[in-house]
Amino acid sequence: MGGSIVVGVDGSPVSMAALRWAVDEAVLRDCDVAAISVWHRDKGLVSGPVSAEVAVQLSDGHMKSLGQKVLDEAMYDIGNVGVRIRPVLAEGDPRGVLVDASAGADLLVVGNRGHGAVAEALLGSVSAHCLHHAACPVVVVKEAKTG
């Protein structure tokens, strides 16, 4: 046994598909999986005074707990799969965190929601960033088309 697969988990259906793909690949390779959930509070999000309720929802503690909830739910949903899955909660920009984690990995797996060109230009694509900057091969799991 050796090596590891890193996978980004954000709670979306496509990130769960990416986690399942990574686990299936880890079984074939007989290696571990690091499931990474990233939280970040954009300090430039709010300008001016806010209510106490909004302040709590924007707090680091709340954002971190949301990231932990995503990770916990993903670990519960994936269940016992025959490989070691190491849940990792990290703070930062998902693009940078995943690229940094790729430095010690054999493979990086990310999901792609396919927002379209305009949304990707405005929001930035985690998968595109990883494809261009990761230190290991990258697999992008696309969201299944419906209809």
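**Helix H4, the sheet and the cysteines**

Let's start with helix H4. Its buried residues are covered by several elements, including strand E1 (4-8), strand E2 (32-39), strand E3 (85-91), strand E4 (107-112) and H6. Keep in mind that this is a predicted model.

Which residues of H4 are buried? Val97, Leu98, Val99 and Ser102 are. H4 itself spans residues 94-102. The helix lies across E1, E2, E3 and E4. Against E2, H4 runs at about 155°.

Now the helix neighbour. H6 covers residues 126-133. The axes of H4 and H6 come within 9 Å and cross at roughly 35°. The crossing is right-handed. On the H4 side, the contact is made by Pro94, Arg95, Leu98 and Val99. On the H6 side, Val126, His129, Cys130 and His133 take part. Sorted by class, that contact has five nonpolar, two polar and one charged residues. Two names come back here: Leu98 and Val99 are buried in H4, and both belong to the contact with H6.

H6 has its own place on the sheet. It lies across E4 and E5. Its direction is at about 155° to E4.

Next, the sheet. What is the strand order? It reads E3-E2-E1-E4-E5. Five strands form an open sheet, and the pairing is parallel. The edges are E3 and strand E5 (138-142), each pairing on one side only. From one strand to the next, the twist averages 25°.

Take the E1 and E2 pair. They run parallel over five bridges. Ser4 has Asp32 of E2 as its bridge partner. Gly8 has Ile36, also in E2. How many residues of E2 are buried? Seven of its eight are, so E2 is largely enclosed by the rest of the structure. A general reminder for reading any such strand: in a regular one, the side chains alternate between the two faces of the sheet.

Just before E2 there is a backbone detail to check. Asp30 sits in the loop between helix H1 (13-29) and E2. Its phi is near 55°, a positive value in a residue other than glycine. Buried or exposed? Asp30 falls in between: it is partly exposed, with a relative accessible area of 41%.

Over to the edge strand E5, and one residue in it, Val141. Val141 is buried, at a relative accessible area of 12%. What does Val141 touch? Leaving out residues up to four places away in sequence, the contacts are Val14, Ala17, Ala18, Trp21, Val109, Val110, Gly111 and Asn112. Val109 is 32 residues away along the chain, yet the two C-alpha atoms are separated by 7.3 Å.

Last topic, the cysteines. How many disulfides does the structure hold? Zero. Why does Cys136 have no bond? Its closest cysteine sulfur is in Cys130, and the distance is 9.0 Å, too far for a bond. The cut-off for a disulfide is 2.5 Å between sulfurs. Cys136 is also buried, with a relative accessible area of 10%. Cys130, for its part, is one of the H6 residues in the contact with H4. Then there is Cys31. Cys31 is buried as well, at a relative accessible area of 2%.

To recap. H4 lies across E1, E2, E3 and E4, and crosses H6 in a right-handed way. The sheet is open, with five strands and parallel pairing. No disulfides are present. Over to you.

Conventions:
Residues are numbered from 1 along each chain as its sequence is written. This is a predicted model: local features need pLDDT of at least 70, side-chain atom pairs count only at pLDDT 80 or more; totals for chains, interfaces and linings use all residues. Side-chain values use heavy atoms; hydrogens and water are left out. Axes are lines fitted to C-alpha atoms, for helices over the stretch in contact, and angles run from 0 to 180 degrees between N-to-C directions. Helices (H or I, at least four residues) and strands (E, at least two) are DSSP runs, numbered from the N terminus. A crossing is left-handed if the near helix is turned anticlockwise from the far one by less than a right angle, and right-handed if clockwise. Contact means heavy atoms within 4.5 Å. Ala, Val, Leu, Ile, Met, Phe, Trp, Tyr, Cys and Pro count as nonpolar, Asp, Glu, Lys and Arg as charged, and the others, Gly among them, as polar. Buried means under 20% relative accessible area, exposed over 50%, partly exposed in between (1.4 Å probe, protein chains only). Two strands pair if DSSP finds at least two bridges between them.
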